[in-house]
Amino acid sequence: MSKVARIPGYQSKNPKQNRGIIGDREIRFKCSLQNVILDVLRGRPGWTEVPGPNSQVPAAQQGTRPSNLQSLPPIPRNSDGDWDFYWCDREWLHQNYDTMFLHEHQKILHFRNHYELTRKNLMVKNLKRLRKQTEREQGKTEAQSFDFYPTTYELPSEYHIFVEEFKKNLGIIWIMKPAAKSQGKGIFLFRRLKDITDWKKGEYQPLSDQTRDVPETYVVQRYIENPLLIGGRKFDVRVYVLVCSYNPLKVWLYRGGFARFSNTRFSLDSIEDTYVHLTNVAVQKNAPDYDPEKGCKWSTQQLRKYLAAKHGVDKVQKMFKAIDNIIIKSLQSVQKIIINDKHCFEMYGYDVLLDDDLKPWLIEINASPSLTASGKEDYDLKFGLISDLLNVLDLENRLTGKEKRIGGWDLLWDDGPIVADDNMDCTPANGAAVSTPNSYLGCFNDRKKQLREIYLTAQSVKKS
Ligand code: ADP
């Protein structure tokens, strides 16, 4: 490959060529995590790690540059805030956002109040509100497009409404989840009200009891009793979504992802068995017969192919379209609430469960989806995902800003739906629909080839 056609994001063997630029200098990054993201940032041509309280640069190395950039001046020791890109953790953002000043060029992970979408109780509250508004303004039929989250109540605040609903539907299964925990912690299923007596004793106290701390908030949610099973096992799908702006809303959807399977065959006989009912890797890896070699994941591409062969391309296409609807409606539900800031971006991990009619249900949205790899395939997925996220953010300013696809990310929404240029990859056999959405979840991801092409195109556009 010629020097001119070298793809940004891929390390050249010659260190002197590994210099991306903001204007005339390298890009300085900070990172709070120590997993695939750090590998991507450290390996990115022309990007340099900045030491600071959260930096992963060992103290002994602080003040020096990586070996390939040692010809540049030393990094100042007191360089907190001296960064262009910060992959920070949520706690850091909460503690610092309100008092920090961000320069024009700085980019930081997370919007200030991302929890409006990522706390289980708030997500549902916001969805219910937009649903009501839609019903008022556009009618019942349009409001039905919000039928993608299971009936949910916040506890203890909505306990009495929940009990009324419970009595109307005796015999069904409910799932209790702490609103702000993750990895399956504190979750249990129940059929009878008396099964939550212990929870009530421990957590729910009348608000008049002044001596008590505020009880932990839970959500109680209708359990999806008819999940789609593959090989007798339940699974859910992890979908990656990138939001670069809330106003106007600009949303990218990543082609890759995975399905997480439970290790034990599904059955409603043993509702207390978390290995049967919770698909979290954090739960499944503790199952007694868990085999780390086999793991419990399929790529979304594998899943899409399997489902298309089993249920027909049209039905699967409809299912993926319904996932697009979940993404857009959920983001719109917080569009006016999230504090929009041009410095911020968010990469969400959506958890979607399919039922046996191939209807997707939104289970939850994570602001910090795990970027720790569970194996080689998982590592490659996450490496590509984050490399392409940096390509979308384009701090190097190498693209035109008009791209609809960057590596594995497809632009789904830019203040309105984006229509695909072509529908070669994943369209139904019968189908050259004119307004196919620019959505390719689970489709072929020839990201390196595509990047080469768009960088060449952008170069020639910029020259002319
Ligand atoms: P956490 O944040 O602790 O991972 P989730 O809401 O994602 O909590 O739930 C954990 C797992 O429990 C999900 O991955 C899914 O397998 C299962 N689950 C959660 N809610 C439901 C539901 N309403 N119906 C069926 N399964 C559910």
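**Ligand site and largest pocket**

In this predicted model, a polar side-chain atom of Arg260 sits 3.4 Å from an oxygen atom of the ligand. Two further contacts involve nitrogen atoms of the ligand. Lys234 places a polar side-chain atom 2.9 Å from a ligand nitrogen. Ile224 uses its backbone instead: a polar backbone atom lies 2.9 Å from a nitrogen atom of the ligand. The protein buries 99% of the 550 Å² that the ligand exposes when taken alone.

The space occupied by the ligand is the largest cavity. Five strands each give two or more residues to the shell around the ligand. These are β6 (174-178), β8 (218-222), β10 (233-246), β13 (344-354) and β14 (360-366). The shell holds 25 residues. Lys120, Gly184, Thr279, Asn280 and Glu364 come nearest to the ligand. By class, ten shell residues are charged, eight are nonpolar and seven are polar.

The largest pocket has a volume of about 1100 Å³. Its lining comprises 43 residues. Ser182, Gln183, Ser368, Pro369 and Ser370 lie nearest the centre of this pocket. Both helices and strands give two or more residues to the lining. The helices are α2 (90-96), α3 (115-118), α9 (281-284) and α12 (376-393). The strands are β11 (249-261), β13 and β14. Strands β13 and β14 also give two or more residues to the ligand shell. The pocket lining divides into 16 nonpolar, 14 charged and 13 polar residues.

Technical notes
Residues numbered from 1 in each chain as written. Predicted model: local features only at pLDDT ≥ 70, side-chain atom pairs only at ≥ 80, totals over all residues. Heavy atoms only, no water. Near = heavy atom within 4 Å. Polar contact = N/O pair within 3.5 Å; in protein donor to acceptor, adjacent residues only side chain to side chain. Areas by Shrake-Rupley, 256 points an atom, 1.4 Å probe, with all protein chains shown as cover. 1 Å grid on protein atoms, 1.4 Å probe; cavity = no way out; pocket = protein on both sides within 12 Å on 5 of 7 lines; lining within 4 Å. Sits in = over half its atoms within 2 Å of the grid points. Helix = DSSP H or I, 4+ residues; strand = E, 2+ residues; numbered from the N terminus. Nonpolar A, V, L, I, M, F, W, Y, C, P; charged D, E, K, R; others polar. Points joined across faces, edges and corners; volume = space filled by probe spheres on them.
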